[in-house]
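Trainee: Could you walk me through this one? I'd like to start with the strands and then move on to the cysteines.

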Amino acid sequence: KGQNPVFPRILGHEAAGIVESVGEGVTDLKAGDHVLPVFTGECKECRHCKSEESNMCDLLRINTDRGVMLEDQKSRFSINGKPIYHFVGTSTFSEYTVCHVGSVAKINPLAPLDKVCILSCGISTGLGATLNVAKPPKGSTVAVFGLGAVGLAAAEGARMAGASRIIGVDLVPSRFELAKKFGVTDFVNPKEHSKPVQEVIVEMTDGGVDRSVECTGNVNAMISAFECVHDVWGVAVLVGVPHKDAEFKTHPMNLLNERTLKGTFFGNYKPRSDLPSVVEKYMNKELELEKFITHEVPFTEINKAFDLMLKGEGLRCIITM
């Protein structure tokens, strides 16, 4: 979606690992530390990093076009003397990778790497979208659009916050049964209704949900997520990444009636400052990660993992190196 193709490059951006060595000037990490590499960094020095309200680092925010290290604009990977480029500062489909220190979060060494790896992107994104941005009050109703791993993480956040009703919206009926494990109480398949899904949800909830979280990237789902929240106190949070030519259209009265529309990036978590505490939620059994992990394959069978993803048959497939 809107990326300039840099080739050849090592892809992969959701992982956990152990620091093998550190470069000159790195003081925050040492060999042997357990870490999560993160596609968006935290330099701790810029205006964004110093603001409590932002996790959008000026230096290290996601850049899909950059394929080199910041320091010298060169790659650390090569084959036969020719460079292989980096991907979003992580390049995790590799036994070894090289990252900027600001793109690596140090975590509890007791946390199992084959579980907490999924916190380095998708699960934290959905969880944080609900807990940090939507902030549903206890007993509230929440609609989640898209029941893939990110959407189910958003539902998990709503469950942890004490929502009384969580409405899952998806076009794939087979996802509904699995979603119950994540606290989803009601299901709506837009294909089964003759009117827009936002109208269906407004009728189900006596005027609209208190919060909605959109996790598909489809602009029509984004509009539905905004228009299904209750006037005055309703908050809609957009998580999915739209097509570069997409446009969001809604009537201005929807805003004048005091609904709130918000966007979020990586669930508003600052990677180095906040991810260690999310790992602790798992260690303290407040957050279950095992139910997100549906498959595991060795790296040689990585294409199987892509097939599972494209067919919508799994949530997270762990790839072991």
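Mentor: Sure, let's start with how strand β6 (residues 141-145) sits with β9: four bridges join these two, and they run parallel. Strands here are DSSP runs of E with at least two residues, helices are runs of H or I with at least four, and both are numbered from the N terminus. Two strands pair if DSSP finds at least two bridges between them. Keep in mind that this is a predicted model, where local features need pLDDT of at least 70, side-chain atom pairs count only at pLDDT 80 or more, and totals for chains, interfaces and linings use all residues. Residues are numbered from 1 along each chain as its sequence is written, and side-chain values use heavy atoms, leaving out hydrogens and water.

Trainee: Which residue in β9 is the bridge partner of Phe-145?

Mentor: Look along the β6 and β9 pair, which is held by four bridges. There, Phe-145 has as its bridge partner Glu-214.

Trainee: And which residue in β10 does Glu-214 stand opposite?

Mentor: β9 is also joined by four bridges to strand β10 (residues 235-238), again running parallel. On that side, Glu-214 faces Leu-238.

Trainee: What hand does the unit made by β9, helix α7 and β10 have?

Mentor: Picture the strands pointing away from you: a crossover is right-handed if the path from the first strand over the helix to the second runs clockwise. The β-α-β unit here takes in β9, helix α7 (residues 219-227) and β10, and its hand is right-handed.

Trainee: Are the residues on the two faces of β9 buried or exposed?

Mentor: Buried means under 20% relative accessible area, exposed over 50%, and partly exposed in between (1.4 Å probe, protein chains only). One side of β9 (residues 211-214) has Arg-211 and Val-213, the other has Ser-212 and Glu-214, and all of them are buried.

Trainee: Now the cysteines. How many disulfides does the count come to?

Mentor: A disulfide is a covalent bond between the sulfur atoms of two cysteines. The rule asks for a pair of cysteine sulfur atoms within 2.5 Å. By that rule the count is zero.

Trainee: Why is Cys-43 not bonded to Cys-57?

Mentor: Cys-43 is buried, because its relative accessibility is 15%. Its closest cysteine sulfur is in Cys-57, but that is too far for a bond, at 3.6 Å.

Trainee: How far away is the nearest cysteine sulfur to Cys-99?

Mentor: Cys-99 counts as partly exposed because its relative accessible area is 22%. Cys-99 is in no disulfide, and the nearest cysteine sulfur, in Cys-121, lies at 14 Å.
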